[in-house]
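User: Could you walk me through this model? I'd like to go from the overall layout down to a few individual residues.

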Amino acid sequence: MRRKRILTAVLVLAAGLLAGGPPALAAGPTPEATLAAESYTWKNARIDGGGFVPGIVFNRKEKNLAYARTDIGGAYRWQESGKTWTPLLDSVGWADWGHTGVVSLASDAVDPNKVYAAVGTYTNSWDPGNGAVLRSGDRGASWQKTDLPFKLGGNMPGRGMGERLAVDPNRNSVLYLGAPSGKGLWRSTDSGVTWSQVSNFPNVGTYVQDPSDTSGYASDNQGIVWVTFDESTGTSGTATKTIYVGVADKDNAVYRSTDAGATWSRLAGQPTGYLAHKGVLDTVNGYLYIAYSDKGGPYDGGKGRLMRYATATGTWTDISPVAEADTYYGFSGLTVDRQKPGTVMATAYSSWWPDTQIFRSTDSGGTWTKAWDYTSYPNRANRFTMDVSSSPWLTWGANPSPPEQAPKLGWMTEALEIDPFNSARMMYGTGATVYGTENLTNWDSGGQFTVKPMVQGLEETAVNDLASPPTGAPLLSALGDVGGFRHTDLTKVPSMMFTSPNFTTTTSLDFAETSPNTVVRVGDLDSGPHVAFSTDNGANWFAGTDPSGVSGGGTVAAAADGSRFVWSPAGTGVQYTTGFGTSWQASSGIPSGAIVESDRVAPKTFYGFKSGKLYVSSDGGATFTASSATGLPSGDSVRFKALPGTKGDVWLAGGASDGAYGLWHSTDSGATFTKLSGVEQADTIGFGKAATGASYQTLYTSAKIAGVRGIFRSTDKGVTWTRINDDAHQWGWTGAAITGDPRVYGRVYVSTNGRGVIYGDTSDPSGGGSGGGDGGGGTDPTPTGACAVTYTITNQWSGGFQADVKLANTGTSAWSGWSLNWSFPNGQTVSQLWNADYTQSGTAVTAKNVTWNANVAAGASVSFGFTGSWTGSNGKPTAFKLGDQSCTVV
């Protein structure tokens, strides 16, 4: 996690955006095509978090109004009624994908309806567009945009410093913005509509993380990093006179103006050798607090200091809670309690091991206490308890040795805010979530405060691949940073990401089409194997063996029957294996780095694509032969898939605006392709359940058709297309993966680069199938006939367990629905159940079919599983009933 936040976005972009993600769109004639449109409901497959939250901003005038910014996934507003976050930048379109990176947020303390966002993801060539300032008069429900003449870096080094954007608390038409890349300090006097550089500001910044980085990523000047107003030096309607500005310059980190920005000077007496990550002003006591680190963050940090500057006398006081020699992390998160201004808190933001640290003072930094401390090493005493039951994957499935704990208090903790209206509430951002507490003041009374995820609704994963098998879990995902998840219920947070092994980033996954319990995934890992297999539909995993030279995940394909696999890893050539990867052999006839896929019917047929050529193997991946097909995209920004159920039916999407770009179809295993004339550009292709009466599966794509960019669906083999998203639901770049659901007509899963897995359900399920919904449903079943139940505890640990239930129809008639009832003997509680809907009342549990597994033929069976909790003992149920029918217990 400590480095992958960079790598996730960079690798996703390098794999897609730079080679044909959102390109500069070429002008040209619009084809004569008409588009239908259909109303869809869009939601996230819940993960809750999954990425770095570098900024949290509370409004100082209105209670419970708060915002969060993410580095690649947009901005959010807090909803107090449900304790959830609402996304605010889903309207960012394909061409402006970089505007999903938010470098700073400002909430207007004069008019709380107004909020501003400084957006742009990269300052180097990875982002072809400039930054912008977005302004809203309705709390982010809608936005107006002013483009800037320079780039901003929401996912660049130093992004946890700030806030770089600030509204004058006395004259709210005045805003300041600190720019990177030597572009200086900028000011708006018309509420963000127009901007001009503050030409007399004396320092544009000097600090770069790594001057030798030729990509421009780590070698960019981090620039002006925060702006803080002293509201006590102004009156309502007049510009605030005193303004403090933080600059990325170790020798000249803080500047001040005392004449509303007319002149500026270096703050006298300030320490040198550090960067000022945050500057927070307590106007009641007249103190400016500054958190210093010798690095820009968010991953790196070394020596650090906390300083207090007396604004009236100019006196500097070192208030660091530990000696400089004992710091190895730097300070960044910084906040004061507006209800009790002498209370100040700070974080050791880059303390990876054994944990982050949070410091608290109630006497303006005179003395400090810690969130945790050693008793006798390696044992710790915590002032807090952690409750991650709402996001249990935050333990990473780890069982570390002291002094580490699972879950950790956090890492990359650069955002830290005490609610200005509630001393008991604090929120802070980490590399994976937003944590918070609502009983913070227990800290001061000697009790423990409870830390919980406060992240529901904020989804920030970068999606590399998606799969929706015909049976089992409806969704499997390959994600950056957190590896990926098996969703058995789209509305619930999965209990754990893929483990054994835990890839930092999963780059590709696949299942065997006719044996979907067999799943393979590949990914990146600092040390260890890069391939893993599952024989139970992704519920449990075991590692494969890497062939020599593997350095990264690449792409992988499973044979239709699961008998063999083809893998194109980073670092070496394409490989194939029979069985589960205990040994691999090099494929011939196909270049290294090719994208690989499998035919979904013929077990020995595999496909590869590289540099404009399609390659086909009919011997299980041992040898490939280049297809004679021409006219395909010349670059490598291509996604292609074979259609389930039909041998040799292949669809290919991709290209770039300076060459071939669109959607192609082959019905002869790639020997020839036909380009669809109505599709101008296409970047993904996926399949879902066919519409009622249709003879062909539904197609889904992220594409440009009839001059419009969007998510499209076709129920007639690509002859006509329906745009199913709208301008309010665009999610920036959606070019990594897409798939329909083979069980639910109209349902589609869309990848994003920072907004997680989006899924949509049609408002018109008349195309057939079982319609929309949230992954469950079904009728109230009343099956009759004999039944048998096998109840197996598959895993058990202190206080928790996992169980599988197999329900067999041992009668002579088919069931059109089922409902199984049992009671736990020892008061066990179901935590999460998959492949069925369930209710529990006391010890009594009812598990009911979902839509796709309602029909159970005579002699067939259906299975579901669950996790639960127990105390004392964990005895098995001894009786099961199917409706009124008692089942045999096997």
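User: To start with the layout, into which domains is the chain divided?

Analyst: Bear in mind that this is a predicted model. The chain is divided into domain 1 (53-267), domain 2 (287-459), domain 3 (463-762) and domain 4 (787-889).

User: How far apart are the C-alpha centres of domain 2 and domain 3? And how many residues of each are in contact?

Analyst: The C-alpha centres of domain 2 and domain 3 are 41 Å apart, and the contact between them involves eight residues of domain 2 and 11 residues of domain 3.

User: Where does the largest nonpolar core lie relative to those two domains?

Analyst: That core has 40 residues, and M345, W393, W396, L409, Y428 and V757 are those with the most contacts inside it. Two or more residues come from each of β30 (416-418), β31 (426-429), β33 (449-453), β34 (463-467) and β35 (475-479). Because domain 2 (287-459) and domain 3 (463-762) both give residues to this core, it lies between them.

User: V757 is in that list, so what does V757 touch?

Analyst: Not counting residues up to four places away in sequence, V757 touches K43, N44, A45, T461, V463, L466, L475, S477, L479, Y749 and V750. Apart from the core just described lies another one, of 25 residues, which includes W818, V845, F880 and L882. As a general background to both, nonpolar side chains tend to be buried together in soluble globular proteins.

User: Changing topic to β25, why is it described as largely enclosed?

Analyst: Strand β25 (residues 357-361) is largely enclosed by the rest of the structure because five of its five residues are buried. Q357, F359 and S361 point one way from the strand, while I358 and R360 point the other way, and all of them are buried. That pattern can be read against a general rule: in a regular strand the side chains alternate between the two faces of the sheet.

User: Which strands does β25 pair with, and over how many bridges?

Analyst: With strand β24 (residues 344-348), β25 pairs in the antiparallel sense over five bridges, and T347 is the residue standing opposite I358. Strand β26 (residues 369-370) is joined to β25 by two bridges and also runs antiparallel to β25; here R360 has T369 as its bridge partner.

User: What about the sheet that contains β7, in which order do its strands come?

Analyst: The order is β7-β8-β9-β10, four strands that form an open sheet with antiparallel pairing. Its edge strands are β7 (102-107) and β10 (144-147), each of which pairs on one side only. On average, and with direction ignored, neighbouring strands of this sheet are turned by 20° against each other. Further in, strand β8 (residues 115-119) is joined to strand β9 (residues 132-136) by five bridges, and A117 finds its bridge partner in L134 of β9.

User: And the sheet with β45, why is one side of its edge strands left without a neighbour?

Analyst: This is another open sheet of four strands, in the order β45-β46-β47-β48 and with antiparallel pairing. Since β45 (595-598) and β48 (625-626) stand at the edges, each has a single partner strand, so one side of each is left without a neighbour in the sheet. For β45, four bridges lead to strand β46 (residues 606-610), and I595 has F609 as its bridge partner there.

User: Now some loop residues: is T100 buried or exposed?

Analyst: T100 counts as buried, because its relative accessibility is 11%, which falls under the 20% cut-off. T100 is found in the loop between β6 (84-87) and β7, where a polar atom of its side chain lies 2.9 Å from the backbone oxygen of W97. Leaving aside neighbours within four places in sequence, T100 is in contact with T70, D71, I72, G73, G74, V92, T121 and G732.

User: Same for N537, where is its place and what is in contact with it?

Analyst: N537 has its place in the loop between β39 (531-534) and β40 (542-543), and it is buried, with a relative accessible area of 1%. Apart from neighbours within four places in sequence, its contacts are P469, T471, G472, A473, L476, R486, P516, N517 and V519. Among these, A473 has its backbone nitrogen 2.7 Å from a polar atom of the N537 side chain, while R486, 51 residues apart from N537 along the chain, is separated from N537 by 8.5 Å between C-alpha atoms.

Notes. Residues are numbered from 1 along each chain as its sequence is written. This is a predicted model: local features need pLDDT of at least 70, side-chain atom pairs count only at pLDDT 80 or more; totals for chains, interfaces and linings use all residues. Side-chain values use heavy atoms; hydrogens and water are left out. Two strands pair if DSSP finds at least two bridges between them. Axes are lines fitted to C-alpha atoms, for helices over the stretch in contact, and angles run from 0 to 180 degrees between N-to-C directions. Buried means under 20% relative accessible area, exposed over 50%, partly exposed in between (1.4 Å probe, protein chains only). A polar contact is a pair of N or O atoms within 3.5 Å; within protein, one must be able to donate a hydrogen and the other to accept it, and residues adjacent in sequence count only if both atoms are side-chain atoms. Contact means heavy atoms within 4.5 Å. A nonpolar core is a set of buried Ala, Val, Leu, Ile, Met, Phe, Trp, Tyr and Cys residues joined through side-chain atoms within 4.5 Å. Domain bounds come from an automatic or database domain assignment.
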